[in-house]
Amino acid sequence: MENYLLYWENAEEPEDDGSPFFKHQPLDHEKPSFRLIKFLPDVSQLNGPVRCEIYHDTVDSDYTCLSYVWGPPLPDDKMAQIYINNKPFLIRPNLWEFLKVARRKFAHRPIWIDALCIDQSNTKERNHQVRQMGTIYSQAKGVIAWLGNTASIAAFVAYMHYIEEGNETSSNEPRRSRPYFWEDTHKMKARQDFVTNQYWKRGWIIQEMLLAKDVTVLVREEEMGLASLIRTIVRTRWSLSLINSPWYKLQELGKVLKIDDPKSTQKGSLIDLLATFGGQECAIRKDRIYSLLSLCKEGPNIDVDYD
């Protein structure tokens, strides 16, 4: 069993305020501090509630970031419940679906998830964390792009992985029988579901993906490296149908600015970035600017203020 002493040394000690729910303890805003979560696999049973611990750390540590869609606000009775440091905490359904997969696939991996690791009720902390969001994603070992729990998209990713392994020279030239999961899925629908997935419309994914050292696309239990996924799609005739999608525009911008190269210091102007990604969705209007701060030349001179 893994030794958890290191994590418990920095774990948040809950204040006894009489509340049954988990509450974050303050971060040190004088340094690039943040929180990470780690699953407790010995007590987080696969069919039971997700249990994890949260602790303070810095971006110099070894961790992975999650990139995902929050989903719309919901009343408490529609939310899912997990346990953080042995206290209940409510989360939205899409994150709950990811955590159920992650506790199996990434049981021993520290993960940064904004909905859990930022005290969303503390405006000062949100300002502090959003200001260093670019650093958090660029310093992470990798980023998991969670596309949700849709069966057709999982089949699409699985089929792209099948082609990548050399089982087909193109989408219409089988070398051997195709995998069973593809026979029961309509190709056009699977491709369309992938391209139009809400994830690609989210404003924050621009910097989350372009600054990442490595991106893994995860749908249900199916996963594939983003770079490999792009190369495989380009090998098929399907790539032409993706040109007008947010997904395609994201990849093209990365090539032009070379932002996907960690050694590159080239950045675009805020106006140009807004012109390219003005259609991306943000629940908060200010996030149209804040989600691009780490990619634009003007970023260091723009204050983050959610007041």
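Begin by selecting Arg-35 and His-56, since these two residues are bridge partners, with His-56 lying in strand 2. The model on the screen is a predicted one, and the tour moves outward from this pair.

Extend the selection to residues 33-39, which form strand 1, and to residues 51-58, which form strand 2, and you will see the two strands paired in the antiparallel sense over seven bridges. Next add residues 80-84, which are strand 4; this strand runs parallel to strand 2 and is joined to it by two bridges. To find one place where strand 2 and strand 4 meet, select Cys-52 and its bridge partner in strand 4, Ile-84.

From the end of strand 4, step to Asn-86, which sits in the loop between strand 4 and strand 5 (87-91). Asn-86 is exposed, with a relative accessible area of 60%, and its phi is positive, about 70 degrees, although it is not a glycine. Most residues other than glycine have a negative phi. A second residue to select for this reason is Arg-220, whose phi is positive and near 55 degrees although it is a residue other than glycine. Arg-220 belongs to the loop between strand 8 (215-219) and strand 9 (222-225), and with a relative accessible area of 36% it is partly exposed.

Now turn to the interior and select Leu-95, Phe-98, Leu-99, Trp-112, Ile-113 and Leu-116, which touch the most other members of the largest nonpolar core, a set of 84 residues. Helix 6 (residues 151-167) contributes the largest share of this core, namely eight residues. Colour domain 1 (33-145) and domain 2 (151-166 + 176-301) separately, and the position of the core becomes clear: both domains give residues to it, so it lies between them. In soluble globular proteins, nonpolar side chains tend to be buried together. For a closer view, centre on Leu-95 and display Leu-66, Tyr-68, Ile-113, Ala-115 and Leu-116, which it touches when residues up to four places away in sequence are not counted.

Staying with helix 6, select Ser-152, which is found in that helix. Ser-152 counts as buried because its relative accessibility is 9%, and the cut-off for buried is under 20%. Show the side chain of Asp-193 as well, and you will find a polar contact of 2.5 Å between it and the side chain of Ser-152.

The next stop is Gln-129 in helix 4 (residues 123-131), which counts as buried at 0% relative accessibility. Leaving aside residues up to four places away in sequence, Gln-129 touches Leu-27, Ser-33, Phe-34, Trp-112, Cys-117, Ile-118 and Ile-136. One of these, Cys-117, is 12 residues away along the chain, and its C-alpha atom is separated from that of Gln-129 by 9.5 Å. The side chain of Gln-129 is also joined to that of His-128 by a polar contact of 3.0 Å.

Finally, zoom out to the whole chain, whose secondary structure comes to 13 helices and nine strands, and in which buried residues make up 52% of the 307 residues. Colouring by confidence is a sensible last step: the mean pLDDT is 82, and 77% of the residues reach 70 or more. Select residues 1-9, where pLDDT stays under 50 and the model has 15 contacts beyond four places in sequence, and then residues 256-265, where pLDDT likewise stays under 50 and the model has 14 such contacts.

Definitions and conventions: Residues are numbered from 1 along each chain as its sequence is written. This is a predicted model: local features need pLDDT of at least 70, side-chain atom pairs count only at pLDDT 80 or more; totals for chains, interfaces and linings use all residues. Side-chain values use heavy atoms; hydrogens and water are left out. Two strands pair if DSSP finds at least two bridges between them. Helices (H or I, at least four residues) and strands (E, at least two) are DSSP runs, numbered from the N terminus. A nonpolar core is a set of buried Ala, Val, Leu, Ile, Met, Phe, Trp, Tyr and Cys residues joined through side-chain atoms within 4.5 Å. Buried means under 20% relative accessible area, exposed over 50%, partly exposed in between (1.4 Å probe, protein chains only). Domain bounds come from an automatic or database domain assignment. Contact means heavy atoms within 4.5 Å. pLDDT is the predictor's confidence in each residue, from 0 to 100. A polar contact is a pair of N or O atoms within 3.5 Å; within protein, one must be able to donate a hydrogen and the other to accept it, and residues adjacent in sequence count only if both atoms are side-chain atoms.
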